[in-house]
Amino acid sequence: MTGGFVRAARASDAAGLARVQAASWSATLAELVPDEVLAELTSPAALDQFAERWREAIVSPPTSKHRVHVAVAEPGSAEVAGFAAAGPATDEDLWAGTDGELYELHVLPELVSVGEEPAGHDGRLLHAVADAFAEDGFHTAYTWALSGDETRIAFLSSAGWAPDGSTSNLDMGVKVPVVRLHTRLSPAAPSSQPSHPSA
């Protein structure tokens, strides 16, 4: 288990989020999309665009239930080790009032949890998202994962998520199959109790 902390994202984290996202994509998409597509997604120009989008998401979220969480090694650290973005569900067959969606969860590849327990930065981020969902009144959480990303699916499964039968494709120059997972959420804990582990 690695130590670390999760906090709300700041505007100054935007470039770090883009870098982590690109590193995560490089690791997970390498065998799923053409090299030229991956090169374009992780180019300096793309990083600048993604950083601006994350800055906007952090500074001007669509609603108070749209949140971006950042994982760092130390409380005062500016080095982003991972992040998660979540909010109301966007799929047409779900209800945004009670269904939450984990839009993005990326951790530097060398820090991704390995094994049966989600104990690293990705585990802490997932706990933070679940806590925020409960606070915001969501009853069920959903997320999409690449069908070929066995590590991500195993990680989510170990945390209590399971496929709900919905599948789709991402258009990334080629069709990349994705599967939707879901989990039931526990009610928000009393504020006197810790919301998620820090180590």
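Begin the tour of this predicted model by selecting β2 (67–72), β3 (82–88) and α4 (121–135), each of which supplies at least two residues of the lining of the largest cavity. Within that selection, turn to α4, since the largest share of this lining, three residues, comes from that helix.

Next, show the side chains of the lining itself, which is made up of Lys 65, Arg 67, His 69, Ala 86, Gly 87, Val 129, Ala 132, Phe 133 and Asp 136. Colouring these residues by class gives four nonpolar, two polar and three charged. The space that they enclose comes to about 30 Å³, and a search of the whole structure for cavities of 30 Å³ or more finds one.

Leave the cavity now and move to the largest pocket, where about 550 Å³ of space lies. To centre the view, select Tyr 103, Glu 104, Trp 144, Leu 146 and Leu 170, which are the closest to the centre of this pocket among the 21 residues that line it.

From there, widen the selection to α1 (14–28), β4 (99–107), β5 (140–146) and β6 (162–171), each of which contributes at least two residues to the lining of the largest pocket. Which of the elements gives the most to this lining? It is β4, with six residues, so named here as the strand to highlight before the others are dimmed.

As a last step, colour the whole lining of the largest pocket by class, which separates its residues into 11 nonpolar, six polar and four charged.

Technical notes. Residues are numbered from 1 along each chain as its sequence is written. This is a predicted model: local features need pLDDT of at least 70, side-chain atom pairs count only at pLDDT 80 or more; totals for chains, interfaces and linings use all residues. Side-chain values use heavy atoms; hydrogens and water are left out. On a 1 Å grid over the protein atoms alone, a cavity is a set of points where a 1.4 Å probe fits but cannot get out, and a pocket is an open set with protein on both sides within 12 Å along at least five of seven lines; lining residues have an atom within 4 Å of a point. Grid points are joined across faces, edges and corners, and a volume is the space filled by probe spheres set on the points. Helices (H or I, at least four residues) and strands (E, at least two) are DSSP runs, numbered from the N terminus. Ala, Val, Leu, Ile, Met, Phe, Trp, Tyr, Cys and Pro count as nonpolar, Asp, Glu, Lys and Arg as charged, and the others, Gly among them, as polar.
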